[in-house]
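Thank you for having me today; I would like to walk you through the open spaces in one protein and then through one part of its surface. Please keep the structure in view while I talk.

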Amino acid sequence: SGIIYTYNLTEEEISSEYTFAKAGDYEEITTDGRYFFVLRSDGTIYSFPVDLKTGQDEVQVFKGQLGKGEYESMSYDARTKTLLVLCKSCKLDKGNPSVSGYLVNVHETGKLSLGETFQINLDEVSAKGGKTLHSLKASSVTRRASTNEWYVLSSIDKLLLILNDSFQPLRVIRFEKEQFEQPEGITFDNNERMFISSEKNKLKNALLFQFNK
């Protein structure tokens, strides 16, 4: 719906709504503490202040800069002041054993500009995981600040991929269908707890899983 909802955890109710764009296939939201960044599945990124007082006509739109394809994963890196965006299915990767990623620079005013590109080598991922991967459909990505590692979640491939700071694979953790119905989101809090959110799919409710350190 192109809406940001503010949810009051104490009252257990929605306290406000903010319309930032028209309806679309929005896949990820993250923030640098000053601006929200919302990723649309075609690689378009919307930027607006966290106070949610900016008019819709003042929302900044970063469009047409990423390669043609489908996107679901984006995370903010406070060290480099960049957004990391991973391809789920991109034209650039067809026929290649790799997954393309982009670093998007975040400027003081919330404006975005294209930075470096990189690739995750799937042959190296296959070697770590003991099973050949011809593609990797990333659902969500997040950075673990204490280790400078990137955690890439894939619902379709039923795995969690851990990368080092240079995007080289360190570990592949596979899971069964019964563990998560449709895992689509991952993040860490300041206490090193990891959270994975799962869409309900065929279940009655969506689920949020907490993994303690």
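**Two pockets and a surface patch**

Let me begin with the second largest pocket, which is lined by 25 residues, and of these Thr-142, Arg-143, Ile-186, Thr-187 and Phe-188 lie nearest its centre. The elements that give two or more residues to this lining are β3, β7 (69–77), β11 (140–144), β15 (183–188) and β16, and β11 gives the most, with five residues. I should say at once that what you see is a predicted model. The space in the second largest pocket comes to about 550 Å³, and its lining residues divide into 10 nonpolar, 10 polar and five charged.

Now, what about the largest pocket? About 720 Å³ of space lies in it, and it is lined by 23 residues, with Ile-4, Tyr-26, Glu-27, Glu-28 and Ile-29 nearest its centre. At least two lining residues come from each of β1, β3 (26–31), β4 (35–40), β16 (194–198) and β17 (207–211), while β3 supplies the largest share, six residues. By type, the lining of the largest pocket holds 11 nonpolar, seven polar and five charged residues.

Finally, let us turn to the surface, where Tyr-5, Tyr-7, Leu-9 and Ile-14 form a nonpolar patch with about 470 Å² of accessible area together. One member of this patch, Tyr-5, sits in strand β1, which covers residues 3–8. Is Tyr-5 buried, exposed or partly exposed? Tyr-5 counts as partly exposed, because its relative accessibility is 44%.

Terms used
Residues are numbered from 1 along each chain as its sequence is written. This is a predicted model: local features need pLDDT of at least 70, side-chain atom pairs count only at pLDDT 80 or more; totals for chains, interfaces and linings use all residues. Side-chain values use heavy atoms; hydrogens and water are left out. Patches are made of residues with over 30% relative accessible area and no salt bridge: like charges are joined within 9 Å, nonpolar side chains (Val, Leu, Ile, Met, Phe, Trp, Tyr) within 5 Å. Accessible areas come from the Shrake-Rupley method with a 1.4 Å probe; for residues, only the protein chains shown count as cover. A salt bridge is a side-chain nitrogen of Lys or Arg within 4 Å of a carboxyl oxygen of Asp or Glu. Helices (H or I, at least four residues) and strands (E, at least two) are DSSP runs, numbered from the N terminus. Buried means under 20% relative accessible area, exposed over 50%, partly exposed in between (1.4 Å probe, protein chains only). On a 1 Å grid over the protein atoms alone, a cavity is a set of points where a 1.4 Å probe fits but cannot get out, and a pocket is an open set with protein on both sides within 12 Å along at least five of seven lines; lining residues have an atom within 4 Å of a point. Grid points are joined across faces, edges and corners, and a volume is the space filled by probe spheres set on the points. Ala, Val, Leu, Ile, Met, Phe, Trp, Tyr, Cys and Pro count as nonpolar, Asp, Glu, Lys and Arg as charged, and the others, Gly among them, as polar.
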